[in-house]
There are 2 protein chains.
Amino acid sequence: MAQQVGTAALLLIGNELLSGKVHEQNLVELARTLRALGIKLSRAVVVLDDVETIAREIRALKAEHDVVFTSGGVGPTHDDVTIEAVARAFDVSVSMHPTMEKLLRDAYKEKTTEGHLRMALVPEGAELVTTSEVPWPTVVMKDVWVLPGVPEIFRMKLSVVRAWMKGPLPFVSKAVFTRLEEAALKPLIDTVVAAHPDVEVGSYPKWFDDTYKTKVTFDARDDAAVERAVERFVSELPAEHLARIE
Amino acid sequence: MAQQVGTAALLLIGNELLSGKVHEQNLVELARTLRALGIKLSRAVVVLDDVETIAREIRALKAEHDVVFTSGGVGPTHDDVTIEAVARAFDVSVSMHPTMEKLLRDAYKEKTTEGHLRMALVPEGAELVTTSEVPWPTVVMKDVWVLPGVPEIFRMKLSVVRAWMKGPLPFVSKAVFTRLEEAALKPLIDTVVAAHPDVEVGSYPKWFDDTYKTKVTFDARDDAAVERAVERFVSELPAEHLARIE
């Protein structure tokens with residue numbers, strides 16, 4: 001049975017993300033996955049490869065969210081310190097998990113190195129989560145999901161997340177694309193925001209698009225509430241300024 | 001004269017980044033800009049459009065970094081709360097800046113709305129920073145740089161950052177692309193890391209590339225130190241496993 005999860009946070013780990021050597025790709029993928037599950041991602045933090053910084057951040061994020069995902073810093077080399085940091089966050093030690101060790105020895109056979117076996121290290125008390133689609137285990141330590149940084153592998157692991165957790169209710173989202181600039185729309189948006197406090201209204205100017213100038217979004221867990229807010233907005237928007245609704 | 005800056009942090013603001021509606025683009029651009037200036041970006045945080053959350057985060061980031069950049073949440077609508085949050089972080093009020101007001105009234109003339117004039121609001125005590133290239137002012141409040149979220153405008157504003165600040169010394173970076181997997185490289189990497197503590201060594205596996213398997217990076221502010229570490233690494237790497245050096 002899927003675990004009920006209300007809020008989540010993401011910790012992105014890696015010097016390469018903060019030096020600009022690598023363009024971060026995983027936030028948007030996790031955000032979309034959680035959104036579809038009805039789970040609210042309310043914070044993401046990008047930190048350097050430093051054990052103490054990562055451990056402190058995991059503790060802080062875990063204190064305020066049901067689930068924390070980490071991305072990056074898992075692997076065999078000296079700059080892969082996430083497992084050690086997760087262990088430190090929970091004041092436990094790191095040890096070799098027999099299941100992971102066997103999987104690695106079976107995979108690499110006589111070529112198995114100390115480097116490979118480092119990937120069998122897990123914090124004491126961690127669970128190994130699998131699905132039939134992704135049989136390679138994912139390490140989960142007290143609702144901290146340890147995911148890899150490589151975007152292709154990160155995306156693959158999201159199918160495990162989809163299989164193992166779900167939110168209270170899915171989000172419903174609509175967007176109205178208008179030909180008015182944001183400042184001109186402000187009075188109408190303010191009216192709708194005030195009249196529909198149950199709907200989250202967002203306003204996004206587009207500077208370089210010929211088809212519209214401002215996208216106005218309407219989000220809630222209640223389908224009917226979103227519809228009401230969109231109807232109100234569109235009914236007061238002069239028709240010539242409406243580009244499309246999605 | 002450019003301001004000397006050692007460390008920086010970035011606060012990315014917007015519900016749309018955490019719902020997956022928008023793929024975050026500004027971190028990598030700022031990271032590369034600061035890197036080229038020799039300034040260390042050591043943390044980035046992504047938060048929702050909530051005044052109190054943003055204010056708290058600005059205080060926390062400012063306490064640990066010389067300069068903080070914010071991205072997003074500036075504009076005329078109800079979900080644009082960054083200016084208010086920056087003011088709250090420094091316990092000051094928000095007021096209309098006469099220079100900004102005049103620029104907006106000159107730009108929009110008789111079409112100027114209350115929405116436009118909201119963009120003239122700044123925290124008490126903020127400076128307006130310009131360059132000849134980007135004459136539209138950037139709001140800077142006690143080393144908190146308020147930048148827009150729209151990626152095209154964010155990138156344009158980075159030329160102002162380049163004009164106004166610089167780091168102690170530029171970073172030097174080299175990368176060796178090898179045909180060995182990470183685990184097999186580990187002993188050699190460990191040797192180089194131990195022998196060259198003044199150089200930051202990173203190891204990045206590439207899963208889906210025909211030309212190499214692991215990229216090993218060498219970074220420092222000292223050119224000669226980087227060269228020594230690269231030479232050591234390459235001298236002990238069997239030639240058939242070396243793909244290229246960049």
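Buried here means under 20% relative accessible area. All the close-ups below come from a predicted model.

**Close-up 1. Two chain B aromatics, B:Phe69 and B:Trp145, pair up in a tilted arrangement.** Their ring centres sit 6.2 Å apart, with 45 degrees between the planes. B:Phe69 belongs to strand E4 (residues 67–71) of chain B and B:Trp145 to strand E9 (residues 144–147) of chain B, so the pair ties together distant parts of the chain, 76 residues apart. Both B:Phe69 and B:Trp145 are buried.

**Close-up 2. A:Phe177 meets A:Tyr212 edge-to-face.** Here we're looking at 4.8 Å centre to centre and 85 degrees between the planes. Again the partners come from distant parts of the chain, 35 residues apart: A:Phe177 is in strand E11 (residues 172–178) of chain A, while A:Tyr212 is in the loop between strand E12 (200–205) and strand E13 (214–220) of chain A. A:Phe177 has a relative accessible area of 4%, so it counts as buried; A:Tyr212 is buried too, at 9%. Searching the whole structure turns up six aromatic pairs over all chains.

**Close-up 3. Helices H2 and H7 of chain A pack against each other.** H2(A) covers residues 26–37 and H7(A) residues 151–164, with axes 10 Å apart and an angle of about 15 degrees. That angle makes the two helices, H2(A) and H7(A), roughly parallel, and H2(A) passes H7(A) in a right-handed crossing. On the H2(A) side the contact includes A:Leu30, A:Leu34 and A:Leu37, and on the H7(A) side the residues include A:Phe154, A:Leu158 and A:Val161. By class, this contact counts seven nonpolar, two polar and three charged residues.

Definitions and conventions
Residues numbered from 1 in each chain as written. Chains lettered and ligands numbered in written order. Predicted model: local features only at pLDDT ≥ 70, side-chain atom pairs only at ≥ 80, totals over all residues. Heavy atoms only, no water. Axes fitted to C-alpha atoms, helices over the stretch in contact; angles between N-to-C directions. Helix = DSSP H or I, 4+ residues; strand = E, 2+ residues; numbered from the N terminus. Parallel < 35°, antiparallel > 145°, perpendicular 65-115°, else oblique. Left-handed = near helix turned anticlockwise from the far one by under 90°. Contact = heavy atoms within 4.5 Å. Nonpolar A, V, L, I, M, F, W, Y, C, P; charged D, E, K, R; others polar. Phe/Tyr/Trp six-rings, centres within 6.5 Å; stacked < 30°, edge-to-face > 60°. Buried < 20%, exposed > 50% of the residue type's maximum accessible area, 1.4 Å probe, protein only.
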